[in-house]
Amino acid sequence: MTYWIDTHCHLADERYRDDFDGYMQAAKENDVAIINVICSSEEELMYALEKQKQYSNLDISFGFYPQGAEKITQEDLDFLVFVLEKYPQIKAIGEIGLDYYYTREFAKEQKDLLIKQIEIANRFNKPIVIHSRSAAKDTYDTLKQYAKTRVLMHCYSDSLEMMREYQKLGYFISFTGVVTFKNASKVKTNAVNVDLDKIMIETDSPYLTPVPFRGKDNQPSYVRYVGEYIAQLKNMEIEKLQLQLIDNYQRFMGANND
Ligand SMILES: [Zn+2]
């Protein structure tokens with residue numbers, strides 16, 4: 001059986017709460033069978049854990065985003081450890097990473113926070129979801145030195161050369177709706193060239209809505225438009241791509257290895 005997986009979305013965000021069941025229903029109608037909900041606060045995490053009781057097809061990831069790293073305290077990191085012990089249903093740590101797009105002012109704080117969270121992931125043998133923007137070299141160096149678990153480069157938008165370096169390390173590479181944008185030639189080239197055993201897709205809802213819904217809020221059901229576009233780009237049958245995406249996600253989450 002084939003289906004789609006939204007490997008990264010912010011479905012615990014407040015904007016989805018008025019009609020959470022509606023978004024889940026739309027996902028179901030579009031064959032989106034698994035949804036990985038990225039939580040970046042205690043409040044979002046508790047909301048997602050509660051929803052998971054009703055929707056067992058929700059996976060949960062939790063971690064502290066690089067923007068705001070200077071405000072994250074030891075107490076927050078202790079909380080991360082605490083919830084990983086208490087809720088084994090938290091499958092991955094993320095999104096975590098480096099973001100120098102607006103400013104490098106807190107680059108050191110970001111790197112420290114990233115390393116600490118990688119070390120926690122290593123300790124719990126949890127995969128990590130990486131956010132990297134305008135910080136390719138630092139991200140690569142930090143991951144190569146510290147990461148000992150599975151790694152997913154979420155919304156990958158750096159160079160083809162860097163993508164190949166990540167693949168050599170065994171990391172997974174994920175594509176969003178950006179791949180469907182007219183002017184996104186670099187991302188399209190990456191999608192054509194990415195190894196089949198490394199590719200993943202996601203919506204990153206509420207951002208980066210794919211064509212034909214560009215301009216509206218994104219939602220998990222739209223991940224099929226990312227997948228269908230990539231199948232076309234790679235000249236693949238949709239079912240074949242789906243089977244590969246399912247296998248990759250399961251290997252990332254640790255279902256078939258260790
Ligand atoms: Zn995200």
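**Overall build and local features of the predicted model**

By the sulfur-distance rule, under which a disulfide is a pair of cysteine sulfur atoms within 2.5 Å, the count of disulfides comes to zero. Cys-9 shows how this plays out: its sulfur sits 9.1 Å from the closest cysteine sulfur, the one in Cys-39, and that is too far for a bond. Cys-39, likewise, is in no disulfide, with the sulfur of Cys-9 as its nearest cysteine sulfur, 9.1 Å away. Cys-9 is buried at a relative accessible area of 0%, and Cys-39 also counts as buried, at 0%. Here buried means under 20% relative accessible area, exposed means over 50%, and partly exposed is in between (1.4 Å probe, protein chains only).

A word on the ground rules. This is a predicted model, so local features need pLDDT of at least 70 and side-chain atom pairs count only at pLDDT 80 or more, while totals for chains, interfaces and linings use all residues. Residues are numbered from 1 along each chain as its sequence is written, and side-chain values use heavy atoms, with hydrogens and water left out.

Stepping back to the whole protein, there are nine helices and eight strands. The radius of gyration is 17 Å, close to the 18 Å that the globule rule gives for 258 residues, so the protein is as compact as a globular protein of that length. That radius is taken over C-alpha atoms, and the globule rule is 2.2 Å times the number of residues to the power 0.38. Helices (H or I, at least four residues) and strands (E, at least two) are DSSP runs, numbered from the N terminus. Laid along the principal axes, the C-alpha atoms fill a box of roughly 45 × 45 × 40 Å.

As for what is inside and what is outside, 56% of the 258 residues count as buried. The protein exposes about 11,800 Å², and carbon and sulfur atoms supply 47% of that; accessible areas come from the Shrake-Rupley method with a 1.4 Å probe, and for residues only the protein chains shown count as cover. Among contacts between residues at least 6 apart in sequence, 71% join residues at least 24 apart, where contact means heavy atoms within 4.5 Å. On the charge side, there are 31 positive and 39 negative side chains, and the centres of the two sets lie 5 Å apart. Lys and Arg count as positive and Asp and Glu as negative, with His and the chain ends not counted; the place of a charge is NZ of Lys, CZ of Arg, CG of Asp or CD of Glu.

Helix 5 (residues 136–146) gives a closer look at the packing. Its buried residues are Ala-136, Thr-139, Tyr-140, Thr-142 and Leu-143. These pack against strand 4 (90–99), helix 4 (107–124), strand 5 (128–133), strand 6 (151–153) and helix 6 (160–168). Ala-136 touches Asp-158, Met-162 and Tyr-166, not counting residues up to four places away in sequence. The C-alpha atoms of Ala-136 and Ile-118 are separated by 17 Å, with their positions 18 residues apart along the chain.

The loop between strand 8 (199–201) and helix 8 (223–233) is a good place to linger, and Ser-221 is found there. Ser-221 is buried, with a relative accessible area of 3%. Leaving aside neighbours within four places in sequence, Ser-221 is in contact with Ala-26, Ala-27, Asn-30 and Val-32.

Most residues other than glycine have a negative phi, and most peptide bonds are trans. Against that background, a cis peptide bond joins Ser-205 and Pro-206, with omega about 10°, and Pro-206 is in the loop between strand 8 and helix 8. Another cis bond links Val-211 and Pro-212, with omega about 15°. Pro-212 belongs to that loop too and is exposed, at 54% relative accessible area. Pro-212 and Gly-177 are 35 residues apart in sequence and 9.8 Å apart in space, C-alpha to C-alpha.

Leu-208, again in the loop between strand 8 and helix 8, has a positive phi of about 55° although it is not a glycine. Leu-208 is partly exposed, at 26%. Asp-31 is also a residue other than glycine with a positive phi, near 60°. Asp-31 is placed in the loop between helix 1 (20–29) and strand 2 (32–39) and is partly exposed, with a relative accessible area of 48%.
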